[in-house]
Amino acid sequence: MKPRCIQPGNGTRMQYCLAMLALIWYVFKTTIPSNGFGNRFASMIIAGNWKMNLTRQEAVALTTAVIPAASDNLGIILFPPSILIDTVRDHLASGNGNGGEGIALGGQDSHAAVSGPHTGDIAAPMLREAGCTWVLLGHSERRADHGETSAMVAAKAVQAIAHDLAPMICVGESLNDRQSGRAGDVVEHQLRDSLTGVEPGACFAIAYEPIWAIGTGKTAGAGDIAQMHGHIRSVLTSINADHASVPILYGGSVKPGNAGDIFDQQHVDGALVGGASLDADQFLSIIRSARSRA
Ligand code: PGA
């Protein structure tokens, strides 16, 4: 399934509608949230979650290495720490013409409020103003470190979408959940609760990240990934038919050595990469794997 934010329109009436095109284009530009890929999801998305890593100089060097990897049939998203977003944005802009424009930028979190007394937090319109088109929400590290609940994630997602950011909403079970056979139920609850209030047609993505696989070098087996992604697809569809083609990324110790197997699984539309996204060679190798399957 090729994920699409907007289903391609039926062009059969175009010859009757030249005058309508300008209006349609205006409505399209002004009402549909963008995701940095021309409002349409690429067939595969590779996202780099830099977490709380990299100096400014290292961020520039990594961005420089990634810019030539941009291509039309693959979406690349970088999620730098918020203090580095401007630097990465400017560096991507200077790489335009060399592919930098095909790389989208995202924040690692945004608050449910637009502004106010929330020391240390960042608001969705701030990220949008800084050039982001995406925001990571509900990462398990934020759920654990900051006590974020799925209800909070949903409130953040609604606010992000209202400010033209596409949320990448993270879900995933603990080792205990998996060992006790509750992984599917846990992920389904997270999904339903994290998507409360998200309107049909909104641009967003899901990242399935089993907590026990993040930063541990352990990856879920290909069969488990395929099963969980199929489950997520059917839960999304049952929430709303419009959510059926939302991209579902896998995350958790994705490396060059396992990326190909992961991308071969049905309903895997890309990867959210942590540790390996900090190493240009590893990240580029994962991008090549995805591109060969896009
Ligand atoms: P990892 O992190 O690739 O280092 O496991 C993934 C993530 O947390 O997004």
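User: What makes residues count as in contact with A271, and which ones are they, leaving aside neighbours within four places in sequence?

Analyst: The test is distance: two residues are in contact if their C-beta atoms, placed from the backbone, lie within 7 Å. Outside four places in sequence, A271 meets that with I46, L249, Y250, G251, V254, A259, I262 and I286. The model is predicted; local features need pLDDT of at least 70, side-chain atom pairs count only at 80 or more, and totals for chains, interfaces and linings use all residues. Numbering starts from 1 along each chain as its sequence is written.

User: Which residues have the most contacts inside the largest nonpolar core, and what makes it a core?

Analyst: I46, M168, F204, A271 and I286 have the most contacts there, and the core has 80 residues. A nonpolar core is a set of buried Ala, Val, Leu, Ile, Met, Phe, Trp, Tyr and Cys residues joined through C-beta atoms within 7 Å. In soluble globular proteins, nonpolar side chains tend to be buried together.

User: Why is H267 called buried?

Analyst: The count decides. A residue is buried if 20 or more other C-beta atoms lie within 10 Å of its own, exposed if 12 or fewer, and partly exposed in between, with C-beta atoms placed from the backbone. H267 has 20 such neighbours, so it counts as buried. In the whole protein, 45% of the 294 residues are buried.

User: Where does H267 lie, and what is its phi?

Analyst: H267 sits in the loop between α10 (256-263) and β8 (270-273). Its phi is positive, about 70 degrees, although H267 is not a glycine. Helices (H or I, at least four residues) and strands (E, at least two) are DSSP runs, numbered from the N terminus. By that rule the protein has 11 helices and eight strands.

User: D164 has a phi near 70 degrees. Why is D164 classed as it is, buried or partly exposed?

Analyst: D164 has 17 C-beta neighbours inside 10 Å, so it counts as partly exposed. D164 is in the loop between α6 (150-162) and β5 (166-171).

User: How do you know that β7 and β8 pair, and which residue in β8 is the bridge partner of Y250?

Analyst: Pairing needs at least two bridges between the strands, as found by DSSP. β7 and β8 have two and run parallel, so they pass. A271 in β8 is the partner of Y250. On the β6 (residues 205-208) side, three bridges join that strand to β7, again parallel. There A207 is matched with L249.

User: What makes the link from β7 through α10 to β8 right-handed?

Analyst: Point the strands away from you. The crossover is right-handed if the path from the first strand over the helix to the second runs clockwise. β7, α10 and β8 make a β-α-β unit of that hand. β6, helix α9 (residues 222-239) and β7 also make a right-handed unit.

User: What covers the faces of β7 (residues 248-251)?

Analyst: Buried residues stand on both sides: I248 and Y250 on one, L249 and G251 on the other. In a regular strand the side chains alternate between the two faces of the sheet.

User: Which residues do the equivalent job in β4 (residues 134-137)?

Analyst: W134 and L136 are on one face, V135 and L137 on the other, and all are buried. The chain reaches β4 from β3 through helix α4 (residues 124-129), in a right-handed β-α-β crossover. β4 is joined in parallel to β3 (residues 103-107) by two bridges, and to β5 by four. L137 has I169 of β5 as its bridge partner.

User: Why is V114 called partly exposed?

Analyst: V114 has 13 C-beta neighbours inside 10 Å, so it falls in the partly exposed class. Its loop runs between β3 and α4. Leaving aside neighbours within four places, V114 is in contact with A123, P125 and Q159.

User: Which residues come nearest the ligand, and what makes a residue count as near?

Analyst: The C-beta atom, placed from the backbone, must lie within 6 Å of the molecule. Of the 13 residues around the ligand, N49, I214, G215, G274 and G275 come nearest. The shell has five nonpolar, seven polar and one charged residue. Here Ala, Val, Leu, Ile, Met, Phe, Trp, Tyr, Cys and Pro count as nonpolar, Asp, Glu, Lys and Arg as charged, and the others, Gly among them, as polar.
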